[in-house]
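Hi there,

I hope your first weeks are going well. Here is the structure I promised to pass on, with some notes on what turned up in it.

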Amino acid sequence: MFGAFRASTVSQGGLLWKARMKMDLSPTQKANIRKRLKAADDVVMKIQQSGIECNALTKLKAEPTEAQMPAKDKYTVFSRTFKGYRKSVHKVPHFTKVAIPRTAPAGF
């Protein structure tokens with residue numbers, strides 16, 4: 001077919017480059033994730049030591065700390081649309097700015 005609707009690698013490829021994005025995090029990305037988790041744990045600990053009591057702090061105390069989390073929970077998140085129900089944390093939009101759940105649903 002000729003003209004504007006001809007088949008080409010560009011028009012037929014679509015967002016194929018996104019599917020080829022690697023699933024693994026680099027060691028630097030992993031170190032930065034651990035650093036962010038430790039910083040969040042430090043803030044929770046300091047607020048707890050100050051004597052403030054609130055529902056949000058109670059929920060945060062129930063969450064595991066960075067040292068208690070398995071690697072699977074540090075670097076991946078639950079996703080019901082992905083194969084295996086897990087996706088790499090760097091595929092979450094704005095993953096450095098939003099709170100990533102520290103625990104997955106039971107069985108995942």
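Please keep in mind that this is a predicted model. A nice place to start is helix α3, where Lys 46 and Asp 42 both sit, 4 residues apart, or about one turn of the helix. These two form a salt bridge, and their closest N and O atoms are 3.5 Å apart. In general, side chains of opposite charge can pair when their charged atoms come close. Lys 46 has a relative accessible area of 52%, so it counts as exposed, the cut-off being over 50%. Asp 42, at 32% relative accessibility, is partly exposed.

The structure holds 5 salt bridges, and two others are worth finding on your screen. One of them joins the side chains of Lys 61 and Glu 53, with 3.9 Å from N to O. Here Lys 61 is partly exposed at 36% relative accessibility, whereas Glu 53 is exposed, with a relative accessible area of 58%. Another links the side chains of Glu 66 and Lys 74, at 2.9 Å from N to O. Are Glu 66 and Lys 74 buried or exposed? Both Glu 66 and Lys 74 are buried.

Now for something without charges. Val 43, Ile 47 and Ile 52 make up a nonpolar patch on the surface, and together they have about 250 Å² of accessible area. Val 43 belongs to helix α3, which covers residues 27-50. With 48% relative accessibility, Val 43 counts as partly exposed.

Enjoy exploring, and write back with any questions.

Best wishes

Note on methods:
Residues numbered from 1 in each chain as written. Predicted model: local features only at pLDDT ≥ 70, side-chain atom pairs only at ≥ 80, totals over all residues. Heavy atoms only, no water. Patch = residues over 30% accessible without salt bridge, like charges linked within 9 Å, V, L, I, M, F, W, Y side chains within 5 Å. Areas by Shrake-Rupley, 256 points an atom, 1.4 Å probe, with all protein chains shown as cover. Salt bridge = Lys/Arg side-chain N within 4 Å of Asp/Glu carboxyl O. Helix = DSSP H or I, 4+ residues; strand = E, 2+ residues; numbered from the N terminus. Buried < 20%, exposed > 50% of the residue type's maximum accessible area, 1.4 Å probe, protein only.
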